[in-house]
Amino acid sequence: MLRLLHLLLLLLLLFPPGTPEPPGLAALSPGAHPQAPDLLYADGLRAYAAGAWAPAVALLREALRSQAELGRVRQDCGARCAAEPGAALPAAPLDAPGPDSRPRPAPGAWERLLLRAALRRAECLSQCAARRLGPGGAARLRVGSALRDAFRRREPYNYLQRAYYQLKKLDLAAAAAHTFFVANPKHLQMREDMAKYRRMSGIRPQSFRDLETPPHWAAYDAGLELLGRQEAGLALPRLEKALKESLAQLESCRAGCEGPEEQQRQEEEEEGTGSQGGLYEAIAGHWIQVLQCRQRCVGDTATRPGRSFPVPDFLPNQLRQLHEAHAQVGNLPQALENVLSVLLFYPEDEAAKEALNQYQAQLGEPRPGLGPREDIRQYVLRSLGEKRQLYYAMEHLGTSFKDPDPWTPAAFIPEMLREKLREDQEQRPWDHEPPQPKPLTDWKDVLLLEGVTLTQDARQLNGSERAVLDGLLTPAECGVLLQLAKDAAEAGSRSGYRGRRSPHTPHERFEGLTVLKAAQLAQAGAVGTQGAKLLLEVSERVRTLTQAYFSPERPLHLSFTHLVCRSAIEGEQEQRMDLSHPVHADNCVLDPDTGECWREPPAYTYRDYSGLLYLNDDFQGGDLFFTEPNALTVRAQVRPRCGRLVAFSSGGENPHGVWAVTRGRRCALALWHTWAPEHREQEWTEAKELLQEPEEEEDEEEEKEMPGRDPSPEPPSHRLQRVKEKTGKISRVREEL
């Protein structure tokens, strides 16, 4: 009954039809205590599944608001209670036991002070949470790890975009779709939905906004863009805001580390710090866990939405940009303040010391009031104090700690741990890769060994880093891969490889097959094993040739492999004016009006080289073409044929598109390569293992895509997320060509 009343209340609070909603996620019930986010989210998904779009929007937005409010309350109450009289913890630094000249308190005195302060702090936090969150406080709103992960992946926005679309609120639908896509750039269905939204006349470019962008990233990117234009004066306010917001984001993250212990059990198990023994062991174990979480906040704050790795040295680099920008506009005192702050992290930084000497010489007489930034000084001191405790626990309690910072002084690390930690810090992800074969001295040797000929180079194609190579496949191999595509299509609903309207044009049908899906179908007997194995072999062949031709000294990795067929729809080709694939670049967002190509989401920014290996030519249209950055002036055109590879760099120097396929079926193997080993295609390895061990049982949690039946945005292709945490392998949704 209470659940029903709450739903009716949310419906009454919805905006009347036709009323524009404010951007973002305004509170639906101002002044009301937040409800349990997990219950709201579960009810929102039930409403979504039932097609009750307005209640779904209300519940999902309220779930997001409640989750955000819970974090704000924890941060505000923590700061308030830390400043309460009598709640301050006694100052007793954690040092290794030993003789000390300082006077020691009476036995048990420090313990009584500590526990009394802890009790007072707990009382203050409980009362504060009850005032802000209602009866029960934070204990009533504990959030499980499954829901935290769903919110971190921004999954509510996936459902919101479809619900908004059904409610004819296209501006909010586009914003919700973009918000989800920024954090999930490999999501195939959302990429298609985004393309459909961009084709809708009622949606403006401003609609594609990120409703969850952390303020520090927005300011940071704006400042860097202005610095790139040599506009240091305009960049400075944004860079200052970026640093301030970065520190605020760190505080917000650190506050989350002090949440209920139940929320941290999964991290506890991962870190191996589960409480054992009695009272003091339990206190120490939980405290170590909190400190580890706080230290991880550095990496969390420095990681862009949708990225897997943090920006290295995020705070020190911001300070470097600030001191250089201040110096450019003549603000020498501020430049000195920021370069001194850099030296707090890296006292022996030669560039910083040189800049410091330069600023001091230009300022003339010493200014005793000038020093490093106080916020940075406090940050460094606090971080070092936490590291000291964590390293002490490593040495004496056998706990684990992975230091996120390369600037930690060696003196803070126990001597017995320094060598091991030095090896860990120097280690790179690619240290675990199998050794790469030594590249041949000349790409011509590779082509000769592979029986491949260079048909056109970059000069003949009127561009840079482009090439056409012939002879990669024999007619028989083209036939095997074409049969693989045909068999997969005929497998129907069992394959996940079904024809649908192309995401780029309503006049063609689009089919796509990944290497892992081909291996799974081969294991199920739906397609031939020969074709699935050839798909793997050919993709590696293309990678080898692309690396030999463009990047002989730097290893390339397959990032994504996609067997794609585009078929003309009969009866829809007369007076056709569109393209099979509009002009674009593969690792940046092309702006034809300015000729710029922005290397940022939703583009796949990690792609470095692209390749298209054609399987047939018995169709009309479908030629690949390269243009100027204006996307209008055609510079070169390539006709597909069996075994022909067009390879090129993925950036804005190679805008390209595909002419309309007006008759027949055009099939090609699309491949993207990357220098970044962390972005190499994991499904390629999985497919290889699957084909080597055909008896291995398929994953029961494999995701099944929903077929697209109309040009409107389709509902999220993955199944409704269950709020109850589940174990097992998470299915991955593939990106689209």
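**A friendly note on helix α11, H33 and a nonpolar patch**

1. Let's start with helix α11, whose buried residues pack against five helices: α3 (53-82), α10 (215-228), α13 (279-301), α14 (314-328) and α17 (374-397). Please keep in mind as you look that this is a predicted model.

2. Which residues of α11 are buried? They are A232, A235, L236, L239, A242, L243, S246, L247, L250, C253, R254 and A255. These buried residues of α11 are the ones to follow when you look for its packing against helices such as α3 and α17.

3. Now try a small check on the length of α11. The helix has 25 residues, running from 232 to 256, and at 1.5 Å a residue it should span 36 Å. Its end C-alpha atoms lie 36 Å apart, so the expected span and the model agree.

4. Next, find H33, which sits in the loop between α1 (2-12) and α2 (37-49). Is H33 buried, partly exposed or exposed? Its relative accessible area is 36%, and because buried means under 20% and exposed means over 50%, H33 counts as partly exposed.

5. What does H33 touch, leaving aside residues up to four places away in sequence? Its contacts are R65, R131, R132, L133 and G134. Take R131 as an example: H33 and R131 are 98 residues apart in sequence, yet their C-alpha atoms are 9.0 Å apart in space.

6. Finally, have a look at the surface. L115, L279, Y280 and I283 make a nonpolar patch of about 390 Å². Helix α13 gives the most to this patch, with three residues, and Y280 is located in that helix. You have met α13 already, as one of the helices that the buried residues of α11 pack against.

Terms used: Residues are numbered from 1 along each chain as its sequence is written. This is a predicted model: local features need pLDDT of at least 70, side-chain atom pairs count only at pLDDT 80 or more; totals for chains, interfaces and linings use all residues. Side-chain values use heavy atoms; hydrogens and water are left out. Helices (H or I, at least four residues) and strands (E, at least two) are DSSP runs, numbered from the N terminus. The expected span of a helix is 1.5 Å times one less than its number of residues. Buried means under 20% relative accessible area, exposed over 50%, partly exposed in between (1.4 Å probe, protein chains only). Contact means heavy atoms within 4.5 Å. Patches are made of residues with over 30% relative accessible area and no salt bridge: like charges are joined within 9 Å, nonpolar side chains (Val, Leu, Ile, Met, Phe, Trp, Tyr) within 5 Å. Accessible areas come from the Shrake-Rupley method with a 1.4 Å probe; for residues, only the protein chains shown count as cover. A salt bridge is a side-chain nitrogen of Lys or Arg within 4 Å of a carboxyl oxygen of Asp or Glu.
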